[in-house]
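Let's take a stroll through a protein model and see which side chains meet up. Have the 3D view ready and follow along.

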Amino acid sequence: MDGKTQRLLPWNRSALAAAVDCLTEGWNGEGPLDLTDLLVVVQTKGAGRRLRMALACRADERGQGMFPPRLVSPAFLIRPSEVDQPVASDLGCLLRWTKVLRGADLSAFSALFPKPPDNPDASWARALAKSLHGLRKSLSEGDLDCAAVAESGVAEQWGEGDRWRDLAELEHRYREAMRAAGLRDRLDANRESARRPRLPDGIGRVMVLGVSGFPELARIALEKLVEGGVPVEVVAFGPEGEAFEDLFEEWGRPRRGAWEKRPAPLVDEQIFLFHDERAQAKAVVNVLEFHGGEPAGRVALGVTDAELKPVLRRLAEENELPCGLTDPEGVSGASSSLYALLAALAAVVGDSSFRQAVVLLRFPEICRWLEYEGVGMNRGELLSSLDELGSER
């Protein structure tokens, strides 16, 4: 395989089985399945785990072992190197942004801050730092930064030229602060690494397998690999008998025009309407009963309505759902008690007011720590007295 090639696998069968067939082409089963020279880019880490297991099962069916490919997500292609200079973490980036914002004369950025806050304290700077870092992260995925937008002329068309120039100046000061600290900005490092992608030792070819979306930086990295002589095969799943280039762009991302008006193969008898989420969930339970008492492993349920998930979870807890539930989105760390405690500590550091101190003292962990340090107290009386003081003063 030379350069970049594309292949369309039919989607009228298991995508996992089709992928295994694709990866084992040319293997006669007389020796171990050796794919150690291959890097496979998949949509998620979970997809990679399932594919590795399926390949192992295929090798076991032939009485052989397996040397698996390297299975990665698209983010692997743009990981920065820290050989020349250490790369700041996301937290390090936020701390530098906070320092720059607290030291800036906001009156010099009138387009961005037409009404500067009366008290630009640490809490204000941290919140704005988070917003600016998020903005730059979104821009970097498209291989842009604030300066590029300010210079492109697009900002002028929006009537936002002055604001983007202010953002570009703050971005410049932020980069200077990073250099002074001997660090590289993580987002800048990602953009640089996309132009100099590195493959692990022993990897000689790349397959992009069923990846329907990835950032622009990953596309740049793949193009650079092809330019460097690395064979890259792009595999997508679609209707049998149709051409890859009619449905997907060159890197396997769907062409919008080819899909948005494509008729869905459904008739009215296959569409069901329900008046609320619980009725939908009950209908799901009824359908799963058709597959027996243990449909796990044979049925995958795709839920596009977030409001339906808690109802299904509740049915599972009540043992009415005949299978387990796995939510690939997981649980946000921001909903954990540890995050709340750390946020309260950070708030007190930036704002040592009575209100913030009371919030911190309501955490049982803080009271236990104070008792360990020898500060005797009755927690109930303490909180009651604080409430009384707050209401009176």
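Let's begin with Leu345, which counts as partly exposed because its relative accessibility is 36%, a value between the 20% and 50% cut-offs. Keep in mind that this is a predicted model. You'll find Leu345 in helix H14, which covers residues 337–350. Setting aside neighbours within four places in sequence, Leu345 is in contact with Leu360 and Ile366. Take Ile366: it sits 21 residues away from Leu345 in sequence, and the two C-alpha atoms are 9.9 Å apart in space.

**Charged partners**

Side chains of opposite charge can pair when their charged atoms come close. How many salt bridges does the structure hold? The count is 30. Here are some of them:

| Salt bridge | N to O distance |
|---|---|
| Arg7 and Glu25 | 2.9 Å |
| Arg13 and Asp21 | 2.9 Å |
| Arg191 and Asp145 | 3.3 Å |

Start with the salt bridge between Arg7 and Glu25. Arg7 belongs to strand E1 (residues 4–10), while Glu25 sits in the loop between helix H1 (15–23) and strand E2 (33–34), so this pair ties together parts that are 18 residues apart in sequence. Arg7 has 24% relative accessibility and so counts as partly exposed. Glu25, with a relative accessible area of 53%, is exposed.

Next come Arg13 and Asp21, the second pair in the table. Both residues fall into the partly exposed class: Asp21 has 29% relative accessibility, and Arg13 has a relative accessible area of 39%.

**A closer look at Arg191**

Are the partners in the third pair, Arg191 and Asp145, buried or exposed? Both are buried. For Arg191 the relative accessibility is 18%, and buried means under 20%, so that residue makes the cut. The salt bridge between Arg191 and Asp145 links distant parts of the chain, 46 residues apart. Arg191 is in helix H8 (residues 186–194), and Asp145 is in the loop between helix H4 (122–141) and helix H5 (146–152).

Arg191 has other company too. Its side chain and that of Asp143 are joined by a polar contact of 3.1 Å. If you skip residues up to four places away in sequence, Arg191 touches Ser140, Asp143, Leu144, Asp145, Arg175 and Leu217. Some of these names come back in a wider network, where salt bridges with shared partners join Arg136, Asp143, Asp145, Glu171, Arg175, Asp185, Asp188, Arg191 and Arg195.

**Rings and charges over rings**

Now for the aromatic side chains. There are five aromatic pairs in the count. One of them brings Trp97 and Tyr174 together: their ring centres are 4.4 Å apart and their planes lie at 5 degrees, so the pair is stacked. Which helices do these two rings come from? Trp97 is in helix H3 (residues 90–103) and Tyr174 is in helix H7 (residues 161–180), with their positions 77 residues apart in the chain. Trp97 and Tyr174 are both buried.

Elsewhere, ring pairs link Trp11, Phe244, Phe248 and Trp259 into a cluster. Trp259 also has a charged partner: Arg262 lies over the face of its ring, at 5.2 Å from the ring centre. You can spot a similar arrangement at Trp27, where Arg62 lies over the face at 5.4 Å from the ring centre.

Note on methods. Residues are numbered from 1 along each chain as its sequence is written. This is a predicted model: local features need pLDDT of at least 70, side-chain atom pairs count only at pLDDT 80 or more; totals for chains, interfaces and linings use all residues. Side-chain values use heavy atoms; hydrogens and water are left out. A salt bridge is a side-chain nitrogen of Lys or Arg within 4 Å of a carboxyl oxygen of Asp or Glu. Helices (H or I, at least four residues) and strands (E, at least two) are DSSP runs, numbered from the N terminus. Buried means under 20% relative accessible area, exposed over 50%, partly exposed in between (1.4 Å probe, protein chains only). Contact means heavy atoms within 4.5 Å. A polar contact is a pair of N or O atoms within 3.5 Å; within protein, one must be able to donate a hydrogen and the other to accept it, and residues adjacent in sequence count only if both atoms are side-chain atoms. Rings of Phe, Tyr and Trp (its six-membered ring) pair if their centres lie within 6.5 Å; planes under 30 degrees apart count as stacked, over 60 as edge-to-face and the rest as tilted. A charge sits over a ring if NZ of Lys or CZ of Arg is within 6 Å of the ring centre and within 35 degrees of the ring normal.
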